[in-house]
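User: Please go through this model with me, one short question at a time.

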Amino acid sequence: MPDTHPIASSRFVRACLRQPVDRTPVWFLRQAGRYMPEYMAVRKHHSLLEICRTPALAAEVTITAAERLGVDAAIIFADLLLPFTPMGLDFEFVNGEGPVVHSPIRTLDQVRALRTDRTDDLRYVSEAIAKVAKHFAAPPANATSDQDQLGIIGFCGAPFTLASYMIEGGSSRSYIETKKLMYASTTSNELSSRPEARSAEAERPAFRVDATAAWPLLMDKLITVLAAYAQQQVEAGADVIQVFDSWAGALSVADYRQYCLAPTTELIRRIQSFGVPVIYFGVDTASLLPTFRETGADVIGLDWRIPLDEGWRALGLHSDGTAPTAVQGNLDPITLFAPEAVLEAHVKEILAQAAGRPGHIFNLGHGIVPNTPVDAVLHVVDLIKRHSHTTPRTSNEPTSHAIRS
Ligand code: CP3
């Protein structure tokens with residue numbers, strides 16, 4: 001979409017908009033998590049959901065992680081599944097098992113019973129965002145800070161990934177129940193022709209709801225709830241919204257196009273209408289990247305399985321170095337366990353592949369896992385700060401920063 005945003009006050013937001021930056025911004029998926037002793041200290045006294053639902057605790061955990069690491073963005077501490085509660089679907093986190101939904105959604109009647117009118121119950125997340133925004137709006141106490149404004153990231157799940165938890169009742173390997181519900185909603189028209197690829201300039205496809213089929217109705221209800229939830233987060237001070245489609249990689253390109261592209265596009269379009277850029281993220285998505293571009297997301301998250309430059313080309317990077325989308329990624333989170341020299345080489349390789357083009361946000365390809373050494377994460381932040389730096393811009397050259405070898 002045309003960039004109508006003013007020059008943002010944070011290098012993270014500028015990079016999301018492919019505006020020039022003084023250096024590559026960096027943050028980490030799951031930067032507040034079990035690998036971090038400060039998080040575990042809070043976790044000792046509170047359950048995960050208690051932290052999420054108590055704005056003071058969620059804000060504290062968010063701020064502590066961002067400040068401890070010295071990153072350029074703070075992602076609000078919350079969970080993907082929180083919107084299930086106001087929709088009328090109970091769930092809990094069972095130790096060692098992950099999330100469990102006790103009455104998974106399997107029928108049209110169950111989808112019809114899901115509520116979309118209680119999004120106000122999620123206000124605790126935007127209250128936490130308001131606290132984080134207030135904290136980072138104040139001038140930094142830390143004298144070594146470079147004065148850049150930290151970006152504040154709100155988030156929600158994408159329709160497919162959230163539906164998969166609702167339908168499977170938890171994490172899944174094969175998504176059998178999810179795909180059964182999806183395939184059962186196929187119309188006879190769709191059987192004879194699959195949706196075709198469109199050029200990036202074409203109108204984004206409209207999402208039309210068929211209220212007699214479970215899958216499209218579920219997609220529609222999720223869009224309604226997630227858009228309202230994202231709007232609350234933006235109004236509270238989120239600069240960017242990340243849409244997690246963590247498990248979209250389980251779908252073939254044709255199935256993604258047929259069952260998920262239009263609802264995902266609709267959600268992203270609505271969030272953008274609130275005036276913020278959207279980061280769209282999934283895992284194992286190399287083959288889906290050209291289709292992801294059609295969602296119109298401002299930034300696409302890449303996992304580590306595809307080299308960053310190859311992923312960016314799949315998203316439409318031109319040979320002159322300009323690109324229609326920004327990219328975020330894509331270090332393998334397990335390299336944080338590697339010897340320092342190996343970790344350094346991998347970080348520098350990613351910076352080299354980004355080649356100083358505007359629109360790269362350094363991150364992992366997926367979340368930090370428990371037992372990751374905090375020092376390794378700090379080392380990556382330091383490497384990014386030292387090895388990506390400004391170069392003077394020449395006439396038409398799009399490059400705003402480059403890598404020091
Ligand atoms: O710092 C941050 O990244 C913010 C916090 C955050 C959490 N969940 C807290 C959390 C974020 C961004 C999420 C999103 C989320 N939740 C996703 C998408 C991101 C991804 O990883 O692809 C998903 C799939 C979920 C659902 C979920 N929450 C699962 C499957 C699990 C269990 C996984 C495990 O490792 O046990 C959770 C639990 C969870 N959410 C934890 C945290 C820090 C770890 C458990 C804990 O502290 O008890």
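Analyst: A polar contact here is a pair of N or O atoms within 3.5 Å; within protein, one must be able to donate a hydrogen and the other to accept it, and residues adjacent in sequence count only if both atoms are side-chain atoms. This is a predicted model, in which local features need pLDDT of at least 70 and side-chain atom pairs pLDDT 80 or more, while totals for chains, interfaces and linings use all residues. Residues are numbered from 1 along each chain as its sequence is written, and side-chain values use heavy atoms, without hydrogens and water.

User: How far is an oxygen atom of the ligand from an N or O atom in the side chain of Arg34?
Analyst: Arg34 is among the residues that come nearest to the ligand, together with Tyr39, Arg43, Ser246 and His366. A residue counts as near if one of its heavy atoms lies within 4 Å. The distance between the ligand oxygen and the side-chain N or O atom of Arg34 is 2.4 Å.

User: Which residue has a polar side-chain atom 2.7 Å from a nitrogen atom of the ligand?
Analyst: Ala78 also faces a ligand nitrogen, but with a backbone N or O atom, at 3.4 Å. The side-chain contact at 2.7 Å belongs to Asp79.

User: How much of the ligand's area does the protein bury?
Analyst: Areas come from the Shrake-Rupley method with a 1.4 Å probe. Taken alone, the ligand exposes 880 Å². The part of this that the protein buries is 87%.

User: In what order do the seven strands of the open sheet lie?
Analyst: Strands (E, at least two residues) and helices (H or I, at least four) are DSSP runs numbered from the N terminus, and two strands pair if DSSP finds at least two bridges between them. Pairing in this sheet is parallel. The edge strands, each paired on one side only, are S1 (73-75) and S9 (360-364). The order is S1-S4-S5-S6-S7-S8-S9.

User: Which residue in S7 does Ile279 stand opposite?
Analyst: Strand S6 (residues 278-281) runs parallel to strand S7 (residues 299-301), and three bridges join them. Opposite Ile279 stands Val299.

User: Which residue in the turn between S2 and S3 has a positive phi?
Analyst: Strand S2 (residues 91-94) pairs with S3 in the antiparallel sense over four bridges. Val94 stands opposite Gly98 in S3. The two strands form a hairpin with three residues between them, and the turn residue with a phi of about 80° is Gly96.

User: Where is Tyr175 placed?
Analyst: Tyr175 is not a glycine, yet has a positive phi of about 55°. Its place is the loop between helix H8 (159-168) and helix H9 (176-184).
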